[in-house]
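The exercises below are to be worked with the sequence and the structure in view. Each begins with a task and continues with a solution in steps.

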There are 2 protein chains.
Amino acid sequence: MTEILIVDDDPAIRNVLKIAIEQAGYGTFEAADGDAALRLGQSGRAGLIVLDIGMPERDGLEVCRELRKSSDVPILFLTARQDEIDRIVGLEMGADDYVSKPFSPRELVARIKAILKRGQPTADPILRRGRLTLDPHRHLCEIGGASVTLTAREMEILAKLMSHPDHVLARPQLVDAVYGTNVNVSDRTLDSHLRNLRHKLDEAGCIDAIETVHGVGIRMGPCA
Amino acid sequence: MTEILIVDDDPAIRNVLKIAIEQAGYGTFEAADGDAALRLGQSGRAGLIVLDIGMPERDGLEVCRELRKSSDVPILFLTARQDEIDRIVGLEMGADDYVSKPFSPRELVARIKAILKRGQPTADPILRRGRLTLDPHRHLCEIGGASVTLTAREMEILAKLMSHPDHVLARPQLVDAVYGTNVNVSDRTLDSHLRNLRHKLDEAGCIDAIETVHGVGIRMGPCA
DNA sequence: GCATGCCTGCACGAAATTTGCACATCCGGC
DNA sequence: GCCGGATGTGCAAATTTCGTGCAGGCATGC
């Protein structure tokens, strides 16, 4: 049976959630603060996490960010204020959906079912690497919460690099990935894009994320 | 039947693991500390090892490092803290996966099945020899955890040597392996590369890892 | 039509590597 | 102990690979 982790600092709300969700046939377990949420979330026990954003100390966004480093568990956000919503609709968090307070239990359960039904295919393969997040499908890139504007080519190159973390990709491989085979583009062109990409990543704080291995190729570094 | 070695200093956790794993149809046997783990692990009886990182005395990382010198048995780490996770994701350890405490037995079993199913094809052929680890695909070289920077040629030569441990390779063979046949490079050139390689390995602590057999060729020594 | 942004890729300087010469050493056989 | 071939070493030229500044070509939006 799928188990759902409920995270909210308000016991009353936790209880409402618990009842609604269990009545829908899912198991539940709870966390009252960010730290506990993180610990339980990382256990892998949860098939989905209902996560309140507004919590003292470690808030939901932060918990989500941490969790995403090691897990792709679906997350459904609970939000109280409109401006919180703005912060999660972006890809930043890798949130799967959100529900505003006050919410109707019935709607909440419906959202949960929808998320679980669409199953694993978290649809868009969102690439993560350290503080760097890339969603090629939506053409979005963020570093530690700040969004970075990339051009089409930059996005393609970065996506290819990120989909093979740590691996050294030869220039021809990269060119093929971006332009398709049997296309003739100069190595200098690739370099130009790499330069722009590096510049942007550097500015956003990911210094030296793209490494050059002389005579071999390009590698996606840690992006600490 | 596949037998799984459970290593943890906490008897309670060992028991949880034992029950979960046996219920999944695997046999188990246990070790309560690093020394025992090493002894049992080297016996070759285990088809997989579940290894706790946080143990007094000889910790899991050290056990893994030792085991890797002589075995490719799959290892699933148990970790309690995030910073431990950081240390194993690198290639250094050759860990196959990890599970955070507290963990759900179900997930643990799922991970075990996944690892065993994916079988041997540990994907990238990673060369190991004593404290020396070489990953040609990632163009990474590590000695006892410290990374060593190699150039393209050095990497090729070392890879060739490591893929024939203890065998003496004639110079022509080495040259062919690196440059392809019917290429004309001076023996002095190979010597130059060997010199640089030796220098780097020495500095990193692997002294005399590359031996010369006068009149015959080059051999990859133990790299103690 | 014009401004703006992106894609390409040329020319050139900067670096990182590779190569191998000239000479010192070493090894093994006699 | 001496000799010739096999190796190791210091060094610097030759080569290969990169990064950068810059400019033309295009497509898009106004």
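**Exercise 1. Find how S11(B) and strand S12 (residues 217–220) of chain B pair, and place them in their sheet.**

Step 1. S11(B) and S12(B) are joined by four bridges and run antiparallel. Two strands pair if DSSP finds at least two bridges between them. Strands (E, at least two residues) and helices (H or I, at least four) are DSSP runs, numbered from the N terminus.

Step 2. For a point of register, take B:Thr212: the residue opposite is B:Ile218 in S12(B).

Step 3. The open sheet has three strands in the order S10-S12-S11 (chain B), with antiparallel pairing. Strand S10 (168–169) and strand S11 (210–213) of chain B are at the edges with a single partner strand each, so one side of each has no neighbour in the sheet.

Before going on, note the conventions. This is a predicted model, in which local features need pLDDT of at least 70 and side-chain atom pairs count only at pLDDT 80 or more, while totals for chains, interfaces and linings use all residues. Residues are numbered from 1 along each chain as its sequence is written, and chains are lettered from A and ligands numbered from 1 in the order in which they are written.

**Exercise 2. Trace the pairing of S7, S8 and S9 in chain B, and find the positive phi in each hairpin.**

Step 1. Strand S7 (residues 132–135) of chain B runs antiparallel to strand S8 (residues 140–143) of chain B, with four bridges between them. B:Asp135 has B:Leu140 as its bridge partner in S8(B).

Step 2. The hairpin of S7(B) and S8(B) has four residues between the strands, and B:His139 there has a positive phi near 55°.

Step 3. S8(B) is also joined to strand S9 (residues 146–148) of chain B, by three bridges and again antiparallel. Here B:Ile143 is matched with B:Ala146 in S9(B).

Step 4. Two residues lie between the strands in the hairpin of S8(B) and S9(B), where B:Gly144 takes a positive phi near 55°.

**Exercise 3. Which residues of helix H7 (residues 171–179) of chain B are buried, and what do they pack against?**

Step 1. B:Leu174, B:Val175 and B:Val178 are the buried residues. A residue is buried if 20 or more other C-beta atoms, placed from the backbone, lie within 10 Å of its own, exposed if 12 or fewer, and partly exposed in between.

Step 2. The three cover an arc of only 100° around the axis, which puts them on the same side of H7(B). The arc is that of the directions from the helix axis to the C-beta atoms. An α-helix has 3.6 residues a turn, so residues three or four places apart point the same way.

Step 3. The buried residues of H7(B) pack against H6, S10, H8 and S12 of chain B.

Step 4. B:Gly180 follows H7(B) and has a positive phi, near 85°.

**Exercise 4. Locate two residues of chain A other than glycine with a positive phi, and classify their exposure.**

Step 1. Most residues other than glycine have a negative phi, and most peptide bonds are trans.

Step 2. A:Glu57 has phi near 60° and lies in the loop between strand S3 (48–52) and helix H3 (60–68) of chain A. A:Glu57 counts as exposed because there are 9 C-beta neighbours inside 10 Å.

Step 3. A:Asp208 has phi near 55° and sits in the loop between H8 and strand S11 (210–213) of chain A. With 13 other C-beta atoms within 10 Å, A:Asp208 is partly exposed.

**Exercise 5. Describe the protein surface near DNA strand C and near DNA strand D.**

Step 1. DNA strand C is surrounded by 23 residues, the closest being A:Thr151, A:Val185, A:Ser186, B:Thr151 and B:Arg153. A residue is near a strand if its C-beta atom, placed from the backbone, lies within 6 Å of it.

Step 2. Helix H6 (152–162) and helix H8 (187–203) of chain A, and helices H6 (152–162) and H8 (187–203) of chain B, are the elements giving two or more residues to this surface.

Step 3. By class, the surface near DNA strand C has four nonpolar, 13 polar and six charged residues. Ala, Val, Leu, Ile, Met, Phe, Trp, Tyr, Cys and Pro count as nonpolar, Asp, Glu, Lys and Arg as charged, and the others, Gly among them, as polar.

Step 4. Around DNA strand D there are 20 residues, of which A:Asp191, A:Arg195, A:Thr212, B:Asp191 and B:Thr212 come nearest. The surface near DNA strand D divides into three nonpolar, nine polar and eight charged residues.

Definitions and conventions. Contact = placed C-beta atoms within 7 Å.
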